[in-house]
Amino acid sequence: MLLEYFQMLDHVEAIDLNAKTIHIRSTVPAQSPVFEGHFPGLPLVPGVLLIETMAQAAGLLYIATNDFTHMSFLMSVDKAQMRHFVEPESVLDIHAQIEHEGSGFLVAKTSILVSGKRVCNGQIKFKTQSFDELPILDVIKGSAERVGLFDAIKAQA
């Protein structure tokens, strides 16, 4: 996980394209410039970065379910709850499930657990757009490869 570069996902543990679910594991770095200000002497992962982590997981799942034809863009966060602090070196188990998609929109249910304990969850809504209109498909495929998405899809089959 590279917080300062918004690379929040480390490795896809499992994906189920039929159930539209994904499980990703990430480890919060021991050191990051983010912790210098949040908070000096008490380093904690900012809640907005936990929400971004859940959004990225749902987005990666969406891209996989549509075979890299469309991408999702964060539109709103509903029912988000920060339940516990997340410290450096925490191992995050990130889960996302697509609840609804259609008419250019996507809704996902998301959560993050640390040591089996839910630290945050929420419902996240996205606008979707075709990669035909976006110049970033190669970058997205590179990110998907880096976190093992293609291997997880093959393992599911």
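How many salt bridges does a search of the whole structure find? The search returns 3 salt bridges, and each is shown below in a close-up of this predicted model, together with views of the sheet, the aromatic side chains and a buried leucine.

**Figure 1. The six-stranded sheet.** The sheet is open and consists of 6 strands in the order 1-2-4-5-6-3, with antiparallel pairing. Strand 1 and strand 3 occupy the edges; each has a single partner strand, so one side of each is left without a neighbour in the sheet. From one strand to the next, the twist averages 20°. Helix 4 (residues 149–156) packs on this sheet, where it touches strand 1 and strand 2, and its direction makes about 35° with that of strand 1.

**Figure 2. Bridge partners across strands 1, 2, 4 and 5.** Strand 1 and strand 2 run antiparallel and are joined by 5 bridges; within strand 2, Ile-22 stands opposite Ile-15. Strand 2 is joined in turn to strand 4 by 7 bridges, again antiparallel. In this part of the sheet, His-23 faces His-95 of strand 4 as its opposite residue. Between strand 4 and strand 5 (residues 105–114) there are 10 bridges, and these two strands also run antiparallel. His-95 has Ser-111 as its bridge partner in strand 5. His-95 thus stands opposite His-23 and is also bridged to Ser-111.

**Figure 3. The hairpin of strands 4 and 5.** Strand 4 and strand 5 form a hairpin with 2 residues between them. Ser-103, located in the turn, has a positive phi of about 55°.

**Figure 4. Salt bridge between Lys-20 and Glu-101.** The side chains of Lys-20 and Glu-101 meet with an N to O distance of 2.8 Å. Lys-20 belongs to the loop between strand 1 and strand 2 (21–27), whereas Glu-101 belongs to strand 4 (residues 91–102), so the pair ties together parts that are 81 residues apart in sequence. Lys-20 is partly exposed at 28% relative accessibility, and Glu-101 is likewise partly exposed, with a relative accessible area of 32%.

**Figure 5. Salt bridge between Arg-25 and Asp-93.** In this view the side chains of Arg-25 and Asp-93 form a salt bridge of 2.7 Å, N to O. Because Arg-25 lies in strand 2 and Asp-93 in strand 4, the pair ties together parts that are 68 residues apart in sequence. Is each partner buried or exposed? Arg-25 counts as partly exposed at 32% relative accessibility, while Asp-93 is buried, its relative accessible area being 14%.

**Figure 6. Salt bridge between Lys-125 and Asp-78.** The closest N and O atoms of Lys-125 and Asp-78 are 3.0 Å apart in this salt bridge. Lys-125 is part of strand 6 (residues 117–130) and Asp-78 is part of strand 3 (residues 70–82), so the pair ties together parts that are 47 residues apart in sequence. Both residues are shown with their surroundings: Lys-125 is partly exposed, with a relative accessible area of 28%, and Asp-78 is partly exposed at 23% relative accessibility.

**Figure 7. Aromatic rings and the charges over them.** A search of the whole structure finds 1 aromatic pair. The pair consists of Phe-68 and Phe-150, which are stacked at 5.3 Å centre to centre with 25° between the planes. Phe-68 is in the loop between helix 2 (47–65) and strand 3 and Phe-150 is in helix 4, so the pair ties together parts that are 82 residues apart in sequence. Phe-68 is buried, with a relative accessible area of 9%, whereas Phe-150 is partly exposed at 24%. The ring of Phe-68 also has the charged end of Lys-141 over it, 5.9 Å from the ring centre. Elsewhere, the charged end of Lys-127 sits over the ring of Phe-105, at 5.6 Å from its centre.

**Figure 8. The surroundings of Leu-9.** Leu-9 is found in the segment before strand 1 (11–16) and is buried, with a relative accessible area of 6%. Leaving aside neighbours within four places in sequence, its contacts include Ser-26, Thr-53, Gln-56, Ala-57, Leu-60, Ile-94, Arg-146 and Val-147. Ile-24 is another contact of Leu-9; the C-alpha atoms of Leu-9 and Ile-24 are 6.9 Å apart in space, although the two residues are 15 residues apart in sequence.

How values were computed
Residues numbered from 1 in each chain as written. Predicted model: local features only at pLDDT ≥ 70, side-chain atom pairs only at ≥ 80, totals over all residues. Heavy atoms only, no water. Helix = DSSP H or I, 4+ residues; strand = E, 2+ residues; numbered from the N terminus. Buried < 20%, exposed > 50% of the residue type's maximum accessible area, 1.4 Å probe, protein only. Contact = heavy atoms within 4.5 Å. Salt bridge = Lys/Arg side-chain N within 4 Å of Asp/Glu carboxyl O. Pairing = 2+ DSSP bridges. Axes fitted to C-alpha atoms, helices over the stretch in contact; angles between N-to-C directions. Phe/Tyr/Trp six-rings, centres within 6.5 Å; stacked < 30°, edge-to-face > 60°. Lys NZ or Arg CZ within 6 Å of the ring centre and 35° of its normal.
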